[in-house]
Amino acid sequence: MKSLDPIDKQMTAEITCKCSRCKFSLNYTTPSLSLLCACEDCRQALAWGFEQGGIVPTDLPQLFYIRSDIRTIDGLEFMQPFQLRDNAKSTRVYCTKCFSLLGVDHPGYRDNVFMFFKGFCCTNLDLSIKPSAVIYLKDCLRDKNYTIPDHIEKIWSFTSEERIRFHSIPEVSNSLTEVTRPAESMTFREIIQKMPEIKVLNLAPN
């Protein structure tokens, strides 16, 4: 699969924070999946980061999923994993100095990929792939006028029927799958285990 092929070792694919204290160097340069997300948890996480001094949030962020295979880490001492609530599934890693959001892990990613938000960290990865779907449209803000491309799948929630439709999208099924080829280096989940204990924010749902 082209999108999951390793990059040329002479190239350096990176995700960094805005203040340049934190950096992941990756073994892959092209994300395998892009989505638009209308869920309230993503909005709340981005708004919380902004309140700490981070980047201005957006109502319909673009998500990118990249192979979880990280060659080197800089600034681990400035990275902190957070969860929104005790029952949260997503673990989000922020830089504690500029509150860039460096990446997100979720059990559904199966440690095959991790996710990052376009514009909420810096990267030289190839972000030319188009979104395959917009998800959690049930959480759309009623007073906002969203611009959603006509050609992409629209997933309102994750009922059984919609979950099947979502996973039938080739880019989704190729990304959110069991790992068949081990990472050459460290996975994002393994790196989280090297960080301080996950902080639970206990934010009230919107």
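**Notebook: Asn112 and a four-stranded sheet**

I began at the side chain of Asn112, where a polar atom lies 2.8 Å from the backbone oxygen of Ser175. I keep in mind throughout that this is a predicted model.

I then looked up where Asn112 sits along the chain, and found it in the loop that runs between strand E8 (101-105) and strand E9 (113-117). Is Asn112 buried or exposed? Its relative accessible area is 4%, and because buried means under 20%, I entered Asn112 as buried.

Next I listed what Asn112 touches, leaving aside residues up to four places away in sequence: the contacts are Ile66, Arg67 and Ser68, together with Asn174, Ser175, Thr177 and Val179. Ser175 thus appears in my notes both as a contact of Asn112 and as the residue whose backbone oxygen lies 2.8 Å from a polar atom of that side chain.

I turned afterwards to an open sheet of 4 strands, which I followed in the order E5-E2-E1-E10, with antiparallel pairing. Which strands are at the edges? I noted strand E5 (70-74) and strand E10 (122-123), each of which pairs on one side only.

Working inward from E5, I found that it pairs with strand E2 (residues 23-26) in the antiparallel sense over 4 bridges, and that Lys23 has Asp74 in E5 as its bridge partner. Strand E1 (residues 13-16) also pairs with E2 in the antiparallel sense, over 4 bridges, with Glu14 standing opposite Ser25 in E2.

Last, I checked the connection of E1 to E2, which form a hairpin with 6 residues between them; in the turn, Ser20 has a positive phi of about 70°.

Conventions
Residues numbered from 1 in each chain as written. Predicted model: local features only at pLDDT ≥ 70, side-chain atom pairs only at ≥ 80, totals over all residues. Heavy atoms only, no water. Helix = DSSP H or I, 4+ residues; strand = E, 2+ residues; numbered from the N terminus. Buried < 20%, exposed > 50% of the residue type's maximum accessible area, 1.4 Å probe, protein only. Polar contact = N/O pair within 3.5 Å; in protein donor to acceptor, adjacent residues only side chain to side chain. Contact = heavy atoms within 4.5 Å. Pairing = 2+ DSSP bridges.
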